[in-house]
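Visitor: I would like to go through this model with someone who can tell me how each label was earned. Could we take the labels one at a time?

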Amino acid sequence: LVEGNYEQGEVVRIAERVQQKFSLPFDLNGHVIYSSASIGILHASDQHLTAEEMMRDADTAMYQAKRAGKARHEVFDEQMHLAAKETLQLETDLRRAVENGEIYAMYQPIFSLTTGEILGIEALTRWMHPTLGKIAPARFINIAEEIGTIDALGEYILERTCREIGPILTAMSPEHDLTLSVNLSCRQFGQPKLAENVMRILETTHFPANRLKLEITESIFFEYQTKAIEMLNQIREFGIEIDIDDFGTGYSNLGYLIRLPVSTLKIDRSFVSPIDAEGRNTEIVKTVLALARNLGLKTVAEGIETEHQLRALKE
């Protein structure tokens, strides 16, 4: 608590001095410990009549500092207050969105670059809010993870997509091995019965396990390690394939590729988008392809949007 008439610059310098102190190591019972501080700053005004109101807004600024990369400070402003109110409202609305029929799936095709044939379809979760319209997946998936509703949301989407796509697979001739790809959130691996719940959904919907692909991100190994490997091996034993989504954008220790029962690496669109009309900027794509070949894995490139990207990737 800094009392008196301080200019913002002076208060920021106080925060910087706190950060400098935290840059020094702590001696904790003979162990050298490093830490950092995420600092939220509030200039109290006539709008802040209670200690609770002050702490609420300082806390909002502190969480903004954490989201921006930690070990930094942020000064509270009205925009943060509005954003915090909107997030709180979205949290409340998201709890009811599934039962209100606002959450649905859209599908995008996965093509073979050799034959042009559709090999699979990927389910994309969407939320149509009754008053705010479309809410970006990155926004509401993060909220679902934070408030603990991601398990229910993930199971709902898996069941819904299996019910929607199942009849299409049944209607197709046997030589078409069309697959359905569905994302699994990293937080769902905190659920001990994840593999059981996946199988229960497949049995309920009569969806063939060998036509399902579950997409995970590299962060699963970083956060859950041994537990994730056990769960994924269970899922793989059912005949379900495991794909690594957004490959190359997350955890950098490639040792997990040998330990996880992975079938496919999905090359993130951020490596596809820079490919220009002359076919340049393919170095990372080539590296991922070489890695996948050496490991006996398939590859999918995300976000091919131009003819020259298509041409370069075919080559």
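**How the labels are earned**

Guide: By the rule applied here, the count comes to 17 salt bridges, and please keep in mind throughout that this is a predicted model.

Visitor: What makes the meeting of the Arg96 and Asp93 side chains a salt bridge?

Guide: The rule asks for a side-chain nitrogen of Lys or Arg within 4 Å of a carboxyl oxygen of Asp or Glu, and the side chains of Arg96 and Asp93 meet at 3.6 Å, N to O, so the pair qualifies. The two residues are three apart in helix H3, and they are therefore separated by about one helical turn.

Visitor: Why is Asp93 called buried, and why is Arg96 called partly exposed?

Guide: Buried means under 20% relative accessible area, exposed means over 50%, and partly exposed is what lies in between. Asp93, at 12% relative accessibility, therefore counts as buried, whereas Arg96, at 40%, counts as partly exposed.

Visitor: How do you know that the span of helix H3 agrees with what is expected?

Guide: Helix H3 has 20 residues, 78-97, which at 1.5 Å a residue should span 28 Å, and because its end C-alpha atoms are 28 Å apart, the two values agree. At the start of H3, a side-chain oxygen of Asp77 reaches to within 3.1 Å of the backbone nitrogen of Gln79. The buried residues of H3 include Met80, Leu90 and Leu94, and among the elements that cover the buried residues of this helix are helix H2 (51-67), strand S5 (103-111) and helix H4 (137-147).

Visitor: What makes Glu164 and Arg160 a salt bridge, and how are the two residues labelled for exposure?

Guide: Their side chains meet at 3.0 Å, N to O, and this is within the 4 Å limit, so the label applies. Both residues lie in helix H5 (residues 150-171), four residues apart, about one turn of the helix. Glu164, at 32% relative accessibility, counts as partly exposed, and Arg160, with a relative accessible area of 26%, is partly exposed too.

Visitor: Why does Asp276 count as buried?

Guide: Its relative accessibility is 18%, so Asp276 counts as buried under the 20% cut-off. The side chain of Asp276 also meets that of Arg280 in a salt bridge of 2.8 Å, N to O.

Visitor: Which residues make the nonpolar surface patch?

Guide: Phe26, Leu28 and Ile33 make this patch of about 260 Å². Phe26 is found in strand S1 (residues 26-28), and with a relative accessible area of 39% it is partly exposed, so it passes the requirement of over 30% for patch residues.

Terms used. Residues are numbered from 1 along each chain as its sequence is written. This is a predicted model: local features need pLDDT of at least 70, side-chain atom pairs count only at pLDDT 80 or more; totals for chains, interfaces and linings use all residues. Side-chain values use heavy atoms; hydrogens and water are left out. The expected span of a helix is 1.5 Å times one less than its number of residues. Buried means under 20% relative accessible area, exposed over 50%, partly exposed in between (1.4 Å probe, protein chains only). Contact means heavy atoms within 4.5 Å. A polar contact is a pair of N or O atoms within 3.5 Å; within protein, one must be able to donate a hydrogen and the other to accept it, and residues adjacent in sequence count only if both atoms are side-chain atoms. Patches are made of residues with over 30% relative accessible area and no salt bridge: like charges are joined within 9 Å, nonpolar side chains (Val, Leu, Ile, Met, Phe, Trp, Tyr) within 5 Å. Accessible areas come from the Shrake-Rupley method with a 1.4 Å probe; for residues, only the protein chains shown count as cover.
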